[in-house]
Amino acid sequence: MTQSNRLSGGQIDRNTTLKFTFDGKTYDGHPGDTLASALLANNVRLMGRSFKYHRPRGPLTAGSEEPNAIVELRSGDRQEPNTRATTAELYDGLVAKSQNRWPSLAFDAMAINDRFSNFLTAGFYYKTFMWPAAFWEKVYEPIIRKAAGLGSLSMQADPDAYDKGFRHCELLIVGAGPAGLMAALTAGRAGRDVILADEDFAMGGQLNSETFALNDAPALDWTTATVAELSSLPNVRLMPRTTVIGAFDHGIYGAVERISDHLETPPEGKPRQILWRIYTQKTLLCAGATERSIAFENNDRPGIMLASAIRTYANRWAATPAQRVTIFTNNDDGHRTAADLHAKHVNIAAVVDTRADAPFSSDYEVIKGAQVVDTKGRLGLTFAELRLANGESRTVECGALGVSGGWNPNVHLTCHQRGRPTWNEDLAAFVPGADLPPGMTVAGAADGTFSTHGALTSGANAAARILDIKPSDAPTTEDAAVRQTPFWFVEGCSRAWLDQQNDVTVKDVKLSHQEGFRSVEHLKRYTTLGMATDQGKTSNMGGLAIMAELVGKSIPEVGTTIFRPPYTPTAIGVLGGRMRGMDFHPTRLTPSHFWAKERGAVFVEVGNWLRAQWFPIAGETNWRASVDREVRATRNSVGVCDCTTLGKIDVQGTDAALFLNKVYCNGFAKLAVGKTRYGLMLREDGIAMDDGTAGRLAEDHFVVTTTTANAGKVYQHMEFVRQCLMPDADVQLISTTEAWAQYAVAGPNSRKLLQKIVDPAFDISNDGFPFMACGNITVCGGLRARLFRISFSGELAFEIAVPSRYGDALIRKLMAQGEEFDVTPYGTEALGVMRIEKGHAAGNELNGTTTALNLGMGRMVSKAKDSIGSKLSERAGLNEDGALAQVGIKPVNAADKITAGGHLMAATGPVDAKHDQGYVTSAAFSPSLDHMIGLGFLKDGGSRLGETMRLVSPVTDLTVEVEIVSAHFVDPEGERVRA
Amino acid sequence: MIINHPLLGPRDSAEFIYMGDAGLINRPDPETASGEEWYAYAYLRDNPAGEHRELWWHEGGDRSWLVVTRNTVTHEISKVEIARDVARAQGRSK
Amino acid sequence: MRYSGFKVIKEALTGHRGWTPAWRDPEPQSHYDIVIIGGGGHGLATAHYLSKVYDEKRVAVLEKGWIGGGNVGRNTTIIRSNYLLDGNEPFYEMSLKLWEGLEQDLNYNAMISQRGIMNLIHSDAQRDAFVRRGNAMMLNGADAEYLNEDQIRKEYPFLNFDDARFPIKGGLAQRRGGTVRHDAVAWGFARSADSHGVDIIQNCEVQGFRIEGGVCKGVETSRGFVGAGKVGCAVAGNSGRLMAMAGMRLPIESHVLQAFVSEGLKPVLPGVITFGAGHFYVSQSDKGGLVFGGDLDGYNSYAQRGNLPVVEDVCEGGMAIMPMIGRARMLRMWGGIMDMSMDGSPIIDRTHIDGLYFNGGWCYGGFKATPASGYAFAHLLAKDEPHETATAYRIDRFRTGHMIDEKGMGNQPNLH
């Protein structure tokens, strides 16, 4: 029989039937249902298994605090483990599976653990599995890992998209229950800028679970009308299906809106979820309260639920977990559940009230001063055992047991900035403390105002107070005073569950106490109490109360653990948003990118840049062939390389030279206009930071280049020096990296090639434009350009820059004009080979630990002036005898390999860290020398040229005899660059 | 966090790069400072639990260096100044 | 009391009546030979080795709250010894060796699990640096293994190989790396130290030092004065606050580092994975949660909580490298206070005050160092000279220019 436990009424659309499957079996439900409500309506109570003992589990709650009814929702690459059936909206075709059981939910072999529970007490694993020593990792742990965990990931990439966005408001109201709705009405009617967010798909909060009247009409009428009015206000934004997950600094809240989780798949172009960062001036927390349970023996069977949850299922979803229900309560709220169920013709077996003065009912039996002491039913509740006021026992047959132990305000967000809640003796509950996140106010049940009228008015008043406006009138309603008498556990209980998911029982808390783990944090960590996916919402208070009893202190003296974000578990996907796959980081393209792509270039990631790595041509089967050709072609004729990615910083002002003198360790004050100079920049701690060139285009105008990797860092550093250390200097900086497309034109024919495009007015002959010259020129008939005669390759070379928008045209022009010289584009590999051949330091050498001295540039650090880093570079530890010095390395046997990352050892003797003499920073095959070469740092390297050593790289299984040589492999005298 | 930029108004801290204690403005006088002063400048920090004057760079904005007075326990920001003004007020020039 | 499988069975059959507190709850005495400030991992480890290895009998650990409540109780539980520099590698390798024998040493199962750590490589420069590091590790007697892309693909088929902004080009593995049940480390050291006579005193906050004539005579606490022959400070993120009471400024800033755990999942990851092109590293606990983290928030903080931008940054890294975790849910986030030093390496040294010793500057590498830190600090306290693996951890190394800068970031703590 389908939906045998479906009642009358409810907020479901009975005109539409939705088909869904759970563990392969098909059921019917209706729009408005959750998976849990639909399963209960179909008389399915068993929905999961617990973590440790694999005890049968049914829903405990009707909301996001659910610890038990968690399932694998959807299938294939959309499979979502640990999804709470109590919040999963039903849709047609929904597929769900139970998890953490084998072979089936009803028969779970791992339930054997329950039989051994006496051995598997809190912390048992710390005391055993130690013998023999090797067995922990080889035997015990693999078994434990396999058994652990709850649901499974599909192991496939999440196919859905996630978005992020920003929202701003004057007042953020969290929770659209009675307090939140009244607050929104108050603020909204006053024209204020409001966001009202609620995790539920239906606004109304607890009102959706109740049958009493507001303004003498069903509560739903008022809720519907209120939501309609709020929707009509342009200054109010309603955000249902939106969980505010965290309260962060300065009024920034994280919120996750579920756009498509109630659908089978997200609609075309829509994300699954959106992470909103809500920036608000004020926040009103109206998050309601969560009912708490009572600990008694075997209080964890499917069918045993929070009483208010049973009421919610009955009233909102017209579903009941069973046709015969017992209520166990210590307060009046439990009676309300009984009355509502009775009104829906559910058989109330009894209301068991711990209080001797419990209210009377003519509709069903109220057993006063009694307790539920045990239950029966293997896969679901069948009987409750009572202990009556006179001490006698009684057994009650029932399929569901609603437990009400009072209510805990949902104070979680109030603690996100490490404020602690305070104990309210009247309510026997923690309420928001004084130390709230700045700008936050709390109203309604979240603030301990448990009556409906109280919540309605407190919401209105809070909004009025925050915004200094008049509160809206609350609807009239009955206002039963809530009497909350603490009653946490049944005397003598032992296997009474506190944390139903993690299987933490009263017995575990007692053991924790016995072994000295008495602080709340120790209790939590030792027993795993509160570490379940409900984040302790249904378990912490019970454990705390029992520990308080055991240590003979009050609950507030024992303390409370702090609540941390997120409020409910949050998909990692939505926190990552769009920044995944190729969009993980922005991709910066060089001006010649599209041209290079047409040429079939292979690209490589260089930071966020994509650069051409080499340009294969027909017939080349491996990268080395391409790179070797590019190097030879450049050294023999002319090559072109896009070097736009190097950082470019424009430095202008009458104090520009003074400024550069400060940031570079070598001098720039006397650099002539029209000249370029190599510069080495130190950090203040005396270590080399970056190198580059600075060309003086005018008395008050320099162009500085940086390495690609450090462009941002150097600019930041220079701005620091300018603004913070030299505030009165007349100097301005701007990064022009993207403004200029820059190409290296290198090789003996580079001048000839450039002469074809540089306008004739400019003399770029060796006399007219010698090595290290620079200047503003025009090319191609009037296009402004900058020309630098600098060389990274060691060849006669220039770098030419044109405004970026001409970058593509320029590369095409250079290639066309260079045909007669067989001009060859080269990529970063050939660039790297040539700079190693030339012995130029690059990123691998400027690794943040090397000094000017190490780099062979110790004398560049000017003593004649102050510069950043010069003083601290003088420290003894950076100037010791035998300091590392940059050297060249070549294999003794030309066929041998040189490996960057290899370490240098003496030719004979031990190979270990104590005998380590240095390391190889860069290595490449040199087509010019026809063997591999390397650069490295060697202790006292400067005086060891010619020495034979061993290069060892055990991690790549390499030992090679090498010779220490000058780092300048090609043209050591530097004749070519001056040609 | 939100930093109330003196020129641009409230800006998200994600637009900024943090450097550290604003004492870094007080670079020792290269003419007179001892090695000990340089060491203290570069390496020693008050690291207070409470009010902290610190340098933030508006990388994603106007590239100003700011001196932000922020409580390291509560993260509350009580003052934001242009670092250049602070440096001048402390007697730095060129 | 000795823990064992037999003991567990015996107690299970006799109603668990025989379990006694894991450590005593003593009143502070008026004087100890050695007082350790800080009942975290390092302080408790120091007490363990002092009492067990160095035979110091009159030792107390003073803890302002509950033991194990600092970074040992809030970290991502990773152990490894994959360091580059000679000042560091022997020390961390000793630590890893101590981890390997810790369960037997403590008679406490801290679930040391050497399922390996894999540093992914995404560029040629990164490969060169990792090869150098792998070699340094092996030359120091540690294990390291270089893997190419195909080997990574075979071992970690679920990583993003085909749609990656920064393709995986290889990896450096340390198979002996892994994870440890972090809380159990504090408890195991505490229990052992207690059994060797150390007084572990919780809820005892140090409020000042009594220093007379340049000699530290003891500490003023919330429970009165406690005299001491020697005082050792091991308070990690609170180092600045504590040492200020002795008039010291440190080469340390306190920063917040956030970490995250997902809901429990059936086995997903074999070991620890670090993503070399983003701020993300992850492992899976024995309980099934993905434990992951990334970069510092970046600003000085004592707040033990961070902000959204870094949460997002970490999850972006996670989704970039293993997009199959998108539908797993983050269960909890937390923040710890890191004692970030000026070169990213720790300090274990005497101070200029006689009888006052300092252990700190662990940055976010303190957990893996716990046993070696305790051992070396105990050695220093007992012998008044540095342990052979910790000779580089001098407090004056910045003055003399002997920095131990693994990352090469210089004197800006948040970059390490």
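**Exercise 1.** Which residue in strand 22 of chain A is the bridge partner of A:Gln371? Place the pair in its strands.

*Solution.* The model is predicted: local features need pLDDT of at least 70, side-chain atom pairs count only at pLDDT 80 or more, and totals for chains, interfaces and linings use all residues. Residues are numbered from 1 along each chain as its sequence is written, and chains are lettered from A and ligands numbered from 1 in the order in which they are written.

1. The bridge partner of A:Gln371 is A:Arg387.
2. Strand 21 (residues 371–376) and strand 22 (residues 383–387) of chain A pair in the antiparallel sense over five bridges. Strands are DSSP runs of E, at least two residues, and helices are runs of H or I, at least four residues, numbered from the N terminus; two strands pair if DSSP finds at least two bridges between them.
3. The two strands form a hairpin with six residues between them, and A:Gly377 in the turn has a positive phi of about 125°.

**Exercise 2.** Which residue in strand 23 of chain A stands opposite A:Glu385? Describe the hairpin.

*Solution.*

1. A:Thr395 in strand 23 stands opposite A:Glu385.
2. Strand 22 and strand 23 (residues 393–397) of chain A run antiparallel and are joined by five bridges.
3. Five residues lie between these strands in a hairpin, and A:Gly391 in the turn has a positive phi of about 90°.

**Exercise 3.** Is A:Pro81 buried or exposed? List its contacts.

*Solution.*

1. A:Pro81 is found in strand 6 (residues 80–84) of chain A.
2. A:Pro81 has 27 other C-beta atoms within 10 Å, so A:Pro81 is buried. The cut-offs are 20 or more such atoms within 10 Å for buried, 12 or fewer for exposed, and partly exposed in between, with C-beta atoms placed from the backbone.
3. Not counting residues up to four places away in sequence, A:Pro81 touches residues including A:Gly151, C:Leu265 and C:Ala328. Contact requires C-beta atoms, placed from the backbone, within 7 Å.
4. A:Pro81 and A:Gly151 are 70 residues apart in sequence and 4.5 Å apart in space, C-alpha to C-alpha.

**Exercise 4.** How many residues of chain B are in contact with chain C? Describe the chain B side.

*Solution.*

1. 18 residues of chain B are in contact with 22 residues of chain C.
2. On the chain B side, strand 3 (17–21), helix 1 (35–43) and strand 4 (51–57) are the elements giving two or more residues.
3. Chain B as a whole has two helices and six strands, in the order β-β-β-α-β-β-β-α.

Key. Contact = placed C-beta atoms within 7 Å.
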